[in-house]
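Me: Please pick one part of this chain and take me through it closely. Start with the whole chain, so that I can place the part.

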Amino acid sequence: MAFTIAPDLATALRRDVVIADIASASVADNQSSSIPALDDESPVLGLIDLDFIERQYAALEVAFSRHAAEKSVLHAVACKAIPLRPILRIYAQLGAGCEVASAGELELAIAAGFAPEKIVFDSPAKTITQLHRALELGVVMNVDNLAELARIDALLNTESTLAETVRLGVRINPQTGAGAISALSTAVESAKFGIGLADAGAREAIIDAFLARPWLTQLHVHSGSQGVSLSLAADGIREVVELALQINEITERAGRGKQITRIDIGGGLPVNFAGEDSVPSFADYRAVLEDQVPELFDFEIVTEFGRSLAAKAGTVLTRVEYAKPMGPRRIAVTHAGVQVATRTAYAPEDWPLRILAYDAEGKPRVPSALIAHDVAGPACFSGDLLATDRMLPELNPGDLIAVPDTGAYHFSSPYSYNLLPRIPVVGYRSGESVASEDDITFEYFMVHRGETVQGVVANAGPARLESYRG
Ligand SMILES: Cc1ncc(COP(=O)(O)O)c(C=O)c1O
């Protein structure tokens with residue numbers, strides 16, 4: 001009989017089995033093993049639960065499914081959260097779209113197999129070359145400001161064929177206020193994104209822009225990422241839906257029908273970094289939206305979730321290289337630090353991470369006799385810490401530590417200070433169900449090879465100064 005485990009618990013159990021696998025592969029020193037190992041060349045790994053990736057995307061689809069039956073919904077996964085080609089390819093195969101915010105992300109989305117009409121290009125700094133490329137590809141684009149719109153006018157005037165496939169929207173800053181993390185709050189009065197709706201003359205200018213351009217059919221809003229409550233996000237969406245209704249009333253009166261057909265609600269569903277549960281859920285968010293902005297569901301919808309789709313699929317696994325007493329605490333020096341968890345190192349209050357302790361055989365350490373630790377990374381500055389004053393079982397060299405919830409914006413967005421190499425990333429998959437809890441076996445896949453020391457040196461510039469024009 002198939003054995004099923006509660007999904008959130010399953011994630012933790014599955015992680016434990018994988019860590020035990022890796023620990024035994026690490027001592028076996030078997031180069032041909034199909035199980036990844038931690039060794040001196042790769043003392044830190046990124047792990048991605050591929051089944052979780054698929055399950056969480058399915059949860060998003062289900063949460064919006066009632067709407068999908070009536071109006072189209074495009075779930076454009078935020079590339080910035082997990083810019084790894086094989087993972088993006090999985091999303092493309094699941095039918096997702098991809099939200100991109102730079103020329104590199106745009107080309108990666110194409111390379112990963114997303115159809116242009118499922119790619120949504122957001123960026124506050126699009127160059128004319130990038131605008132031309134996006135128009136030529138026929139991707140969806142959210143225009144950031146009126147000057148960008150003027151550039152698009154000019155491009156369409158000189159090359160009328162560019163207008164054939166393009167689907168364009170305008171990004172609105174609803175100016176509804178900040179969430180808990182100011183650096184990620186994009187709906188404050190003076191945020192750098194979009195057109196500030198409450199600014200003098202802005203509403204009229206947006207309406208005029210739509211009236212003059214029948215090809216503008218979408219409005220976009222993204223109030224922030226992590227730290228923004230569901231209700232605050234819904235406030236921003238309500239502002240934008242009301243603007244869409246106002247524009248549609250005018251275009252209908254002019255006999256042009258409802259010009260705005262689609263609302264892009266951005267991403268931003270927060271992630272629970274304090275425990276295993278995936279809360280709030282996509283269904284919770286849908287319920288808040290239905291309550292606060294029921295008119296949203298009269299439109300087609302685009303979503304741009306990133307962190308909530310992938311964070312809980314990811315774990316950083318490393319070993320303790322050294323451990324020593326220092327003042328009032330014990331310091332465990334590991335190979336995971338600022339290069340994989342940059343935000344935690346620089347803004348630890350905003351980005352706390354859990355630390356899970358395992359012995360060298362990959363068995364979870366029993367949480368007894370806890371002592372205060374700082375868990376440090378390898379980089380050459382004191383702030384390179386994943387946790388400060390954290391109560392953990394005494395960590396010793398050779399023990400393993402796992403850092404869960406790192407599947408988005410962590411090891412996939414490396415920071416290269418000290419030339420710490422980009423870490424290898426491995427995906428694992430067990431398939432649907434297993435006969436018993438002890439029976440779970442995994443297949444492992446290379447998601448990213450990481451960098452070698454030689455690669456890092458090769459990337460540090462030419463051997464000597466070369467002529468600039470070269
Ligand atoms: C425009 C836009 N859309 C989507 C996202 C993804 O947000 P999250 O990963 O919090 O879902 C971001 C994140 O910064 C963003 O800026």
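Reply: Accessible area comes from the Shrake-Rupley method with a 1.4 Å probe, and for residues only the protein chains shown count as cover. The chain exposes about 20700 Å². Carbon and sulfur atoms supply 53% of that area.

This is a predicted model, where local features need pLDDT of at least 70, side-chain atom pairs count only at pLDDT 80 or more, and totals for chains, interfaces and linings use all residues. Residues are numbered from 1 along each chain as its sequence is written, and side-chain values use heavy atoms, without hydrogens and water.

Now the whole chain. It has 13 helices and 18 strands (DSSP runs numbered from the N terminus: helices are H or I, at least four residues; strands are E, at least two). The C-alpha trace spans about 75 × 65 × 45 Å along its principal axes. The radius of gyration, taken over C-alpha atoms, is compared with a globule rule of 2.2 Å times the number of residues to the power 0.38. For 470 residues, a compact globule would come near 23 Å; the chain has 24 Å, which agrees.

Of the 470 residues, 51% are buried (under 20% relative accessible area; exposed is over 50%, partly exposed in between; 1.4 Å probe, protein chains only). Contact means heavy atoms within 4.5 Å. Take the contacts between residues at least 6 apart in sequence: 69% of them join residues at least 24 apart.

Now the close look, at helix α5. This helix runs over residues 103-111. Which of its residues are buried? They are Glu-105, Leu-106, Leu-108 and Ala-109. These four sit on the same side of α5, because they cover an arc of only 165° around the axis (the arc of the directions from the helix axis to the C-beta atoms). A general rule helps here. An α-helix has 3.6 residues a turn, so residues three or four places apart point the same way.

What covers the buried residues of α5? The cover includes two helices, α4 (85-94) and α6 (128-137). It also includes two strands, β3 (97-100) and β4 (119-122). Just after α5 comes Gly-113, with a positive phi of about 105°.

Compare that glycine with two other spots. Asp-389, in strand β15 (residues 385-393), has a positive phi of about 55° although it is not a glycine. Asn-418 is also not a glycine, and its phi is near 65°. Asn-418 lies in the loop between β16 (400-404) and β17 (425-429).
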